[in-house]
Amino acid sequence: QVQLVESGGGLVQAGGSLRLSCVASGSIFHIIAMRWYRQAPGKQRELVASITSGGSTNYADSVKGQFTISRDKVKNTVYLQMNSLKPEDTAVYSCNADVLDIVSSRRDYWGQGTQVTVSS
């Protein structure tokens, strides 16, 4: 089993910054990719950013130039640096990992989510 634990969410004023972290632990052989999703009330879940084991990144158009995803492979941790936050960035942010475990089974794992609230 693999566990993902997010941290770093909270309440911030518009224009502020937050840094989310997600630590993966457990029966990990290799993490293929890690992603951040968000879901605002009444809206569908949105893929915000992703990063592969090789370091390739992708961003939703809505956050390009505003958010930065990075990864510490040694610590099995992914970060999401969020700058110039806007009220529309308010959502529950969840970490996702595409993992190859120690018995060569590949599957997706999810964290519990962390609330980000941006006040105007």
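Two strands count as paired here if DSSP finds at least two bridges between them, and the strands themselves (E, at least two residues) are DSSP runs numbered from the N terminus. The model is predicted, so to speak of a local feature takes a pLDDT of at least 70, and side-chain atom pairs count only at pLDDT 80 or more, while totals for chains, interfaces and linings use all residues. Residues are numbered from 1 along each chain as its sequence is written, and side-chain values use heavy atoms, with hydrogens and water left out.

A good place to start is the pairing of strand S3 (residues 18-26) with strand S8 (residues 77-82): the two run antiparallel and are joined by 6 bridges. Across this pairing, Leu20 sits opposite Leu80 in S8. Both strands belong to an open sheet of 4 strands, ordered S1-S3-S8-S7, with antiparallel pairing. At its edges are strand S1 (2-7) and strand S7 (67-72), each of which pairs on one side only. From one strand to the next, the twist averages 15°, with axes taken as lines fitted to C-alpha atoms and angles running from 0 to 180 degrees between N-to-C directions.

Leu80 turns up again in the largest nonpolar core, which has 31 residues; Leu4, Met34, Trp36, Leu80, Met82 and Tyr93 touch the most other members. Such a core is a set of buried Ala, Val, Leu, Ile, Met, Phe, Trp, Tyr and Cys residues joined through side-chain atoms within 4.5 Å. Buried means under 20% relative accessible area, exposed over 50%, and partly exposed in between (1.4 Å probe, protein chains only). At least two residues of this core come from each of S1, S3, strand S4 (28-39), strand S5 (46-52), S7, S8, S9 and strand S11 (114-119). The biggest giver is S9, with 5 residues.

Next come the charged pairs. A salt bridge is a side-chain nitrogen of Lys or Arg within 4 Å of a carboxyl oxygen of Asp or Glu, and the count by this rule is 6. Arg35 takes part in one with Asp98, where the closest N and O atoms are 3.9 Å apart. That pair links distant parts of the chain, with Asp98 in strand S9 and Arg35 in strand S4, 63 residues apart. Asp98 counts as buried because its relative accessibility is 6%, and Arg35 is buried too, at 18%. Arg35 also forms a salt bridge with Asp108, the closest N and O atoms being 4.0 Å apart. Asp108 lies in strand S10, so this pair ties S10 to S4 across 73 residues of sequence. Asp108 is partly exposed, at 37% relative accessibility. Arg35, Asp98, Arg106 and Asp108 are linked in a network of salt bridges.

Another salt bridge joins Arg38 to Asp89, with the closest N and O atoms 3.0 Å apart. Arg38 lies in strand S4 and Asp89 in the loop between S8 and S9, so the pair ties together parts 51 residues apart in sequence. Arg38 is buried at 8% relative accessibility, and Asp89 is buried at 2%.

The loops have their own quirks. Asn76, in the loop between S7 and S8, has a positive phi of about 50° although it is not a glycine. Ser84, in the loop between S8 and S9, likewise has a positive phi, near 50°, without being a glycine.
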